[in-house]
Amino acid sequence: MKDILVSICCLTYNHEKYIRQCIESFLLQETNFSFEILIHDDASKDGTVNIIREYEKNYPDLIKPIYQSVNQYSQGVRPSFKYNFPRAKGKYIAMCEGDDYWTDPKKLQKQVDFLEKNTEYVLCGHHVGRDIDGEIKFPTALHFKSFDQSEICINHIPTLSAVFKNKIKHYPEDISTIPYGDFFMWVTLGAYGKFAILPEIMANYRVHEAGMWSGESQIMRLKNSIKSRTVAAKYISESKDLTFKDIKKRAKKGLKLAIKSTKVNDAFFFLKVLFASKHG
């Protein structure tokens, strides 16, 4: 068996209606490299586990699940950081939660080809559709985007679209307090390179009341966003991978962009980075 190049990391909880389509979209990937499918089920109470076990039995060398008996998220644990990322063998990590799904069988191949050819990039994403009760709404403006850590506030990276270098091996102790781990991942990865968004739609994000994001109130989103950005700012400001000059330069640029774009949460983040830095 070839060395694994990509680790697909999937979190699932009570996704009985959706998990089959999600896993099938992984299995349909056409690649010239090997990949693994790491699934973490967070003590689902419906039939999700039975479906995952069915696929595990049929693809024992490919699908590697973890089944929890106690819900980890409710205990303050972030499963991606504790259970999936540490066991990922791939040079790259791809993410997709159990209620979302990929639509292009060449998705992984296209993104890995881009990252292998353009080594200055640390992450490659793409545009996604929105699945609302089976009705798919697609974005209309499909453009290639290239940006860095300071421009994260004006560029959205859909989590289910991301393929990124498996570079981060150590996480802060308070990582469990981060509700939105994707923002933390993106700004941290920004220390290692640039981001790209390909001008294609290769996955669908499912909108439903039980979804982690779509099911939250605006107030809760704001609280969780601030909490996530506080931990991320602390981690970036103490990063040993960046010089004080780099941190200051990117934070100032990011602050200006956030203010110009009226992104209050992101302005808060870059301010925290500037004032929390222990370098210099």
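This briefing covers the salt bridges and the nonpolar cores of the structure above. The model is predicted. It contains eight salt bridges, and several of the pairs described below join parts of the chain that lie apart in sequence. The largest nonpolar core holds 38 residues, and another core of 35 residues lies apart from it.

**Salt bridges between partly exposed residues**

- Glu30 and Lys106 form a salt bridge in which the closest N and O atoms are 3.3 Å apart.
- This pair links distant parts of the chain, with the two positions 76 residues apart in numbering. Glu30 sits in the loop between helix H1 (19-27) and strand E2 (34-41), and Lys106 in the loop between strand E5 (101-102) and helix H4 (107-117).
- Glu30 has a relative accessible area of 41%, so it counts as partly exposed. Lys106, at 37%, is also classed as partly exposed.
- Lys91 pairs with Glu116, and here the closest N and O atoms are 2.7 Å apart.
- Glu116 belongs to helix H4, whereas Lys91 is in the loop between helix H3 (79-84) and strand E4 (92-95); the two are 25 residues apart.
- Partly exposed is the class for Glu116, with a relative accessible area of 39%, and for Lys91, with 43% relative accessibility.

**A buried salt bridge**

- Asp131 and Arg206 form a salt bridge, with 3.5 Å between the closest N and O atoms.
- Arg206 lies in strand E10 (residues 194-207) and Asp131 in strand E6 (residues 121-132), so the bridge ties together parts that are 75 residues apart in sequence.
- Arg206 is buried because its relative accessibility of 10% falls under 20%. Asp131 is buried as well, with a relative accessible area of 4%.

**A salt-bridge network**

- Salt bridges link Asp104, Lys110 and Glu200 in a network.

**Nonpolar cores**

- Within the largest core, Phe164 and Trp186 touch the most other members.
- The elements that each supply at least two residues of this core are E4, E6, helix H5 (181-189), E10, helix H6 (218-237), helix H7 (244-260) and helix H8 (264-276). H5 gives the most, with six residues.
- Leaving aside residues up to four places away in sequence, Phe164 touches Phe85, Lys91, Tyr92, Ile93, Met95, Val122, Leu123, Met185, Trp186 and Leu189. Lys91 in that list is also the salt-bridge partner of Glu116.
- The other core, of 35 residues, includes Ile8, Ile19, Ile23 and Ile63.

Methods
Residues numbered from 1 in each chain as written. Predicted model: local features only at pLDDT ≥ 70, side-chain atom pairs only at ≥ 80, totals over all residues. Heavy atoms only, no water. Salt bridge = Lys/Arg side-chain N within 4 Å of Asp/Glu carboxyl O. Helix = DSSP H or I, 4+ residues; strand = E, 2+ residues; numbered from the N terminus. Buried < 20%, exposed > 50% of the residue type's maximum accessible area, 1.4 Å probe, protein only. Core = buried A, V, L, I, M, F, W, Y, C linked by side-chain atoms within 4.5 Å. Contact = heavy atoms within 4.5 Å.
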